[in-house]
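Please brief me on the sheet in this protein model. Start with how its strands are arranged, then move to one residue inside it.

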Amino acid sequence: MRHVRLITPLQRHTLARVCLCVFVLLMAACKGSSDEQMTSEQQAAAEAKSLYEALYNNQPDKFINGMQGAAHMSDDYREQMRRNLVHHAEQVKGERGGVRSISVSQAQADSTLHLVQALLQLRYADGSEEQIVVPMVQGANGRWMMK
């Protein structure tokens, strides 16, 4: 006759906690490495999408800061750029009801020009769509910026 050893409720609870902790750590490790798994084209396109979402969500300063050379803009030029971007976003909202969604269509690296061409699909509230090309360059700090 075999002797069967039962797990006590305390041991079962401890085992469940250990399994849960291991699962959470594995999920965190996988999530943390997602940027490393993205290609440079995907990273550039994701940044372009983020910047255009900021533009149409009333965050023109984030859009401006995502431009190459933004750190060297004069205050007057930056303010003029800001006013023009706000006017553009308001015009799009008035004419097309605003931007409903922005998605990445494609991203292509151009090794000759050392940039990535991010193709974004803009879908407007009135049902119309537009595809735009956003040239992105990688700065010395590794951050992707609009050319």
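This briefing covers the sheet, the helix across it and one buried residue.

This is a predicted model, where local features need pLDDT of at least 70, side-chain atom pairs count only at pLDDT 80 or more, and totals for chains, interfaces and linings use all residues. Residues are numbered from 1 along each chain as its sequence is written, and side-chain values use heavy atoms, without hydrogens and water.

**The sheet**
- Four strands form an open sheet in the order β1-β2-β3-β4, with antiparallel pairing.
- β1 (99–110) and β4 (144–146) are the edges; each has a single partner strand, so one side of each lacks a neighbour in the sheet.
- Neighbouring strands are turned by 35° against each other on average, direction ignored.
- Strands here are DSSP runs of E with at least two residues, and helices are runs of H or I with at least four, numbered from the N terminus.
- Two strands pair if DSSP finds at least two bridges between them.

**β2 and β3**
- Strand β2 (residues 115–124) and strand β3 (residues 129–138) run antiparallel, joined by eight bridges.
- L119 stands opposite V133 in β3.

**The helix**
- Helix α3 (residues 40–56) lies across β1, β2, β3 and β4, at about 150° to β1.
- Angles run from 0 to 180 degrees between N-to-C directions of axes, which are lines fitted to C-alpha atoms, for helices over the stretch in contact (heavy atoms within 4.5 Å).

**Residue Q121**
- Q121 belongs to strand β2.
- Q121 is buried (under 20% relative accessible area, 1.4 Å probe, protein chains only), at 12%.
- Beyond its neighbours within four places in sequence, Q121 is in contact with residues including S101, I102 and E130.

Conventions. Buried means under 20% relative accessible area, exposed over 50%, partly exposed in between (1.4 Å probe, protein chains only).
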